[in-house]
Amino acid sequence: MIAWRRGTAWAAVLVLAWGGLAVTPVAASPLPDPPPNPWQRRHWPQTQPWQLAQAQPRMFAADAPSPIDPQNFEQPDTMTWDDYRPIPGTNWANPAVRGSVRTFKGALVLVDYPNQPFVVTRPANSTVYGNPTAVQNLPRAQVPQFYKDFLNTPGQLNRGHTIHEYWMEDSGGRFGIELGAFGVYQMPAKSHQYGIDSFQRGAGCPSGDSCQRDLRTDARAAWVADVGSAVVGQYDFIFYLSAGQDESSTWQEFGEMKFPTKESVTDAWGPPDPALPN
């Protein structure tokens with residue numbers, strides 16, 4: 001079982017903020033790359049003039065044959081979509097192309113909370129993070145199909161890259177991924193009552209709430225109650241996709257990159273309990 005929670009990025013395929021997705025027809029022009037951050041530019045870290053005269057480190061023994069392939073690389077942080085080179089003679093993003101050994105069936109189970117719907121269902125720029133930016137006011141009933149298509153159907157939004165393609169490319173065409181989507185199921189508790197480590201240690205939970213609930217337990221119960229155990233048993237693995245923010249980018253971009261100290265965090269970014277520190 002594979003669980004997605006608020007805070008798990010799909011690093012293998014696409015790194016996008018859920019709240020900033022765009023519904024774009026497949027026939028539309030490709031989306032432009034956003035202006036790079038300073039640390040994403042190809043000149044960073046920049047080679048200093050005094051380093052140019054330094055001898056290059058030896059990568060192989062003296063008088064030994066040199067490597068066939070140049071010994072150079074580029075950090076993923078500085079790569080753009082222009083760096084992608086498809087494997088010749090393949091179209092593994094096509095969902096009709098099956099894995100030669102097996103195509104695994106995955107269930108995409110979407111959940112939200114009484115206090116936190118999926119951001120793509122909200123008006124533009126309505127959250128404290130400024131999301132959503134392009135996809136907005138998406139009907140809740142359409143959210144499962146939206147994410148299923150975004151993750152596993154080639155389109156303009158995902159630039160033609162899918163989970164199925166990633167697995168096929170990694171396995172040389174042996175293993176693929178097929179997704180089914182379910183939900184959206186509203187959890188019986190608020191978003192902050194699930195899976196926050198500090199809350200589970202007894203600190204930081206808003207007054208009146210219990211913050212030790214398990215997302216997988218409640219999400220699976222809602223899914224089984226909806227479709228039955230027979231349907232659940234047809235799937236090889238489960239993705240629990242939760243409404244909320246991507247933790248890895250949120251805590252950094254709207255935490256340490258926005259506020260120099262924890263004491264400088266403003267009320268707008270604090271918890272729902274005024275008795276707790278921001």
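Where is Pro154 found, in terms of H2 and helix H3 (163-170)? Pro154 sits in the loop between these two helices, and we will come back to it after a look at the whole chain.

**Getting oriented**

This is a predicted model, in which local features need pLDDT of at least 70 and side-chain atom pairs count only at pLDDT 80 or more, while totals for chains, interfaces and linings use all residues. Residues are numbered from 1 along each chain as its sequence is written, and side-chain values use heavy atoms, with hydrogens and water left out.

The protein chain has seven helices and three strands. Helices (H or I, at least four residues) and strands (E, at least two) are DSSP runs, numbered from the N terminus. Read from that end, the elements follow the order α-β-α-α-β-α-α-α-β-α. Of the 278 residues of the protein chain, 34% count as buried; buried means under 20% relative accessible area, exposed over 50%, and partly exposed in between (1.4 Å probe, protein chains only).

**The sheet**

The three strands form an open sheet in the order S2-S1-S3, with parallel pairing. S2 and S3 stand at the edges with a single partner strand each, so one side of each has no neighbour in the sheet. Two strands pair if DSSP finds at least two bridges between them. The table shows both pairings.

| Strands | Sense | Bridges | One bridge pair |
|---|---|---|---|
| S1 and S2 | parallel | 10 bridges | Lys105 and Glu178 |
| S1 and S3 | parallel | six bridges | Leu110 and Leu241 |

Another bridge joins Leu108 to Phe239 in S3. H2 packs on the sheet, touching S1, S2 and S3, and its direction makes about 160° with that of S2. H3 also packs on the sheet, where it touches S2 and S3, and its direction makes about 150° with that of S2. For these angles, axes are lines fitted to C-alpha atoms, for helices over the stretch in contact, and angles run from 0 to 180 degrees between N-to-C directions.

**The core**

Nine of the 11 residues of S1 are buried, so this strand is largely enclosed by the rest of the structure. The largest nonpolar core has 37 residues, and among those with the most contacts inside it are Leu110, Phe118 and Trp223. Such a core is a set of buried Ala, Val, Leu, Ile, Met, Phe, Trp, Tyr and Cys residues joined through side-chain atoms within 4.5 Å. At least two residues of this core come from each of strand S1 (102-112), helix H2 (143-152), strand S2 (175-186), helix H5 (215-227) and strand S3 (237-242). S1 gives the most, with six residues.

Leu110 makes a good landmark to look for. Leaving aside neighbours within four places in sequence, Leu110 is in contact (heavy atoms within 4.5 Å) with residues including Phe118, Val143, Tyr147, Phe182 and Leu241.

**A disulfide and a loop**

Cys205 and Cys211 form a disulfide, with their sulfur atoms 2.0 Å apart; the term stands for a pair of cysteine sulfur atoms within 2.5 Å. By this rule the count comes to one disulfide. The torsion about its S-S bond is about 75°, so the disulfide of Cys205 and Cys211 is right-handed. Cys211 is buried, with a relative accessible area of 4%.

Back in the loop, Pro154 is partly exposed, with a relative accessible area of 30%. The C-alpha atoms of Pro154 and His164 are separated by 9.8 Å, and these residues are 10 residues apart along the chain.
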